[in-house]
Amino acid sequence: MKKNDWIIITVVVVVASAFFGMHFLGSERGNGVVEVQVDGKVYGRYSLAKEREIEINDTNRLEIKNGTARIIWADCPDQVCVHHKEISRNGESIICLPNKVVISIVGDEDAALDAVVN
C-alpha cells in the first residue's frame with residue numbers, strides 16, 4: 001500500500017470514531033420523550049423519567065423502565081418488535097409493522113431551542 005492509501009484509511013477511521021463517539025457517548029439516556037404513533041397518528045407522548053406500562057389499542061404493550069422503552073407484548077405473529085432491543089436515545093425507534101405501531105424517542109421533554117435558523 002502506498003502512503004496516500006494509509007492517509008485515506010487514517011482519515012476514515014478518525015471520522016468514523018468521531019461519529020461513533022457523538023452518537024453513543026454524546027447523547028444522554030433516560031431524559032427524553034417516547035412518542036407512540038398508530039397508523040401514522042400520534043397515540044401519546046410519555047416521559048422516559050416515569051416508569052409505567054402503556055396498553056396500545058389492545059395490540060401492543062409498551063414498558064418504560066429505567067429510562068428506556070421496549071415492547072413487552074404484541075399480538076402480531078412474528079414478534080420482531082418484542083425482541084427488539086430497548087431504546088433510550090433520541091432518534092431510536094421500534095416498529096411493529098403488522099399493527100402499524102411506531103415507538104420513537106423524540107428528544108428531551110423540556111428541550112429549549114439551541115440554534116437559530118434564518
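# Notebook: two cysteines, a core and a hairpin

**Entry 1: the cysteines.** I started at C96, which is buried, with a relative accessible area of 3%. This is a predicted model, so I read everything below as a property of the prediction. I then turned to C81 and found that C81 also counts as buried, at 3% relative accessibility. Is there a disulfide anywhere in the structure? My search of the whole structure returned zero disulfides. C96 is in no disulfide, and its nearest cysteine sulfur, that of C81, sits 3.6 Å away. Why is there no bond from C81 to C96? The 3.6 Å between the two sulfurs is too far for a bond, because a disulfide is called only for sulfur atoms within 2.5 Å.

**Entry 2: the whole chain.** Next I stepped back for an overview. I counted two helices and seven strands in the protein chain. Read from the N terminus, the elements run α-β-β-β-β-β-α-β-β. The chain has 118 residues, and 33% of them count as buried. I noted an exposed area of about 8200 Å², with carbon and sulfur atoms supplying 56% of it. Among contacts with a separation of 6 or more, residues 24 or more positions apart account for 33%.

**Entry 3: the core.** Which residues touch the most other members of the largest nonpolar core? That core holds 21 residues, and the answer is V34, V36, I56, L62, I64, C81 and I103. So C81 from my first entry turns up here, because it is buried at 3% and belongs to this core. I listed the elements that give two or more residues to the core: β1 (32–38), β3, β4, β5, α2 (80–83), β6 (93–96) and β7 (101–108). As a general note to myself, nonpolar side chains tend to be buried together in soluble globular proteins.

I picked I103 for a closer look. Not counting residues up to four places away in sequence, I103 touches V34, E35, V36, I56, L62, I71, I87, E92, S93 and I94.

**Entry 4: Y46.** Y46 lies in strand β2 (residues 41–47). Is Y46 buried or exposed? Y46 is buried, with a relative accessible area of 15%, and that counts as buried because the cut-off is under 20%. Leaving aside neighbours within four places in sequence, I found Y46 in contact with G32, V33, V34, V36, R52, I54 and I64. I checked one of these partners by C-alpha distance: Y46 and V34 are 5.1 Å apart in space and 12 residues apart in sequence.

**Entry 5: the open sheet.** I then traced a sheet of three strands. It is open, its order is β3-β4-β5, and its pairing is antiparallel. Which strands are at the edges? They are β3 (52–56) and β5 (68–74), and each pairs on one side only. Neighbouring strands of this sheet are turned by 25 degrees against each other on average, with direction ignored.

**Entry 6: the β3-β4 hairpin.** Last, I zoomed in on one pair of strands. β3 and β4 (residues 60–65) pair over five bridges, in the antiparallel sense. I looked up two bridge partners in β4: I56 has N60, and E55 has R61. I56 is also a residue I had already met in the core list and among the contacts of I103. The two strands form a hairpin with three residues between them. In the turn, N57 has a positive phi of about 50 degrees.

Methods. Residues are numbered from 1 along each chain as its sequence is written. This is a predicted model: local features need pLDDT of at least 70, side-chain atom pairs count only at pLDDT 80 or more; totals for chains, interfaces and linings use all residues. Side-chain values use heavy atoms; hydrogens and water are left out. Two strands pair if DSSP finds at least two bridges between them. Helices (H or I, at least four residues) and strands (E, at least two) are DSSP runs, numbered from the N terminus. Axes are lines fitted to C-alpha atoms, for helices over the stretch in contact, and angles run from 0 to 180 degrees between N-to-C directions. Buried means under 20% relative accessible area, exposed over 50%, partly exposed in between (1.4 Å probe, protein chains only). A nonpolar core is a set of buried Ala, Val, Leu, Ile, Met, Phe, Trp, Tyr and Cys residues joined through side-chain atoms within 4.5 Å. Contact means heavy atoms within 4.5 Å. Accessible areas come from the Shrake-Rupley method with a 1.4 Å probe; for residues, only the protein chains shown count as cover.
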